[in-house]
Amino acid sequence: MIKKVALFDFDNTVAKGDSITKLLIDNITKHPLHIFKFFKVGVLYILYLCHLSTFEKAKSALLFPLNDMDEHDLETFYNQKIVPSYYPNVVETMQQLHNDGYIVILCTASSEAWMKYNQLPIDKLIGTQTKPHSSEIIGLNCKNENKIDFIKEYLDSIDVQIDYDHSYGYSDSDSDIPMLSLVKNRQRVLLKTGKIVDFIPKKQS
């Protein structure tokens, strides 16, 4: 079945700022000695850049706060640090599309460990998956071309094909061009204001 779909990135698209950065700041504020864990993060990123390790291992190290957080901590973090940074106009757009019968998909590189606590008007959350109460990533990071595979996997599971001409995609970043290629109507969310404009790749603007 062919249906209209609305695809949304999250960081700097639905909410201003990077949620992983917010997680790290919150953790270091509460546990200052955790700053030394960035040494491991740095080593793993260097190994990744040298093609001696995977990006997922480096990101798993970066998500170290998850190792010390229970479900209450994660929900509190999301509601206190993430929800206040929503762009109201983007959430309103998401709600309108949902009301109009679009399948609304939130697809983000952020971990589902905290993103699952969102109360946004969406039909499906697709994020980077981690083991319960652990920073260890399961599978691949949900970013760039990987988003296409995750979105198609979900749509296949509900027997839906995208109505390309009448579907929408929203992002702040050129890194989401692969995801936006799935739909005809591509929108950019401006960082400072949250204003929604036509998406023109920066290298062409």
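Which residue follows helix 5, and what is the sign of its phi? I looked at the end of this helix in the predicted model and found G101, whose phi is positive, near 95°.

**Entry 1: helix 5**

I then turned to the helix itself. Helix 5 runs over residues 88-99 and has 12 residues. From its first C-alpha to its last I noted a reach of 16 Å, close to the 16 Å expected at 1.5 Å a residue.

Next I asked which residues of helix 5 are buried. I listed V90, M94 and L97. They cover an arc of only 65° around the axis, and therefore they sit on the same side of helix 5. The face turned away from this buried side carries P88, E92 and N99, which are exposed. For the cover over the buried residues, I recorded strand 2 (5-8), strand 3, strand 7 (168-171), strand 8 (185-189) and strand 9 (196-198) among the elements involved.

**Entry 2: helix 4**

I examined helix 4 (71-82) in the same manner. Helix 4 has 12 residues and spans 16 Å between its first and last C-alpha, close to the 16 Å expected at 1.5 Å a residue. Its buried residues are L74, F77, Y78 and I82. Viewed down the axis of helix 4, these fall within an arc of 95°, so they line one face of the helix. On the other side I found H72 and Q80 exposed. The buried residues of helix 4 pack against helix 1 (19-30) and helix 6 (112-115).

**Entry 3: F64 and S53**

I looked up two loop residues. F64 lies in the loop between helix 3 and helix 4. Is F64 buried or exposed? Its relative accessible area is 4%, so F64 counts as buried, the cut-off for buried being under 20%. Not counting residues up to four places away in sequence, F64 touches L24, N27, I28, H34, K37, F38 and S135. I also checked F64 against I162: the two are 98 residues apart in sequence and 37 Å apart in space, C-alpha to C-alpha.

S53 is located in the loop between helix 2 (38-49) and helix 3. Its relative accessibility is 18%, and therefore S53 is buried. Leaving aside neighbours within four places in sequence, S53 is in contact with L44, L47 and Y48.

**Entry 4: positive phi without glycine**

I noted H133, which is not a glycine yet has a positive phi of about 55°. H133 belongs to the loop between strand 4 (124-130) and strand 5 (137-138). At 42% relative accessibility, H133 is partly exposed.

I noted N144 as well: it is not a glycine, and its phi is positive, about 55°. N144 is in the loop between strand 5 and helix 7 (146-157). With a relative accessible area of 30%, N144 counts as partly exposed.

**Entry 5: the largest pocket**

Finally, I asked how many residues line the largest pocket. The lining comprises 18 residues, and D11, D18, A109, S110 and K143 lie nearest the centre of the pocket. The elements giving two or more residues to this lining are helix 3 (55-62) and strand 3 (103-111). I recorded a volume of about 280 Å³ for the pocket. Sorted by character, the lining residues divide into 5 nonpolar, 5 polar and 8 charged.

Definitions and conventions. Residues numbered from 1 in each chain as written. Predicted model: local features only at pLDDT ≥ 70, side-chain atom pairs only at ≥ 80, totals over all residues. Heavy atoms only, no water. 1 Å grid on protein atoms, 1.4 Å probe; cavity = no way out; pocket = protein on both sides within 12 Å on 5 of 7 lines; lining within 4 Å. Points joined across faces, edges and corners; volume = space filled by probe spheres on them. Helix = DSSP H or I, 4+ residues; strand = E, 2+ residues; numbered from the N terminus. Nonpolar A, V, L, I, M, F, W, Y, C, P; charged D, E, K, R; others polar. Expected span 1.5 Å × (residues − 1). Buried < 20%, exposed > 50% of the residue type's maximum accessible area, 1.4 Å probe, protein only. Arc of directions from axis to C-beta. Contact = heavy atoms within 4.5 Å.
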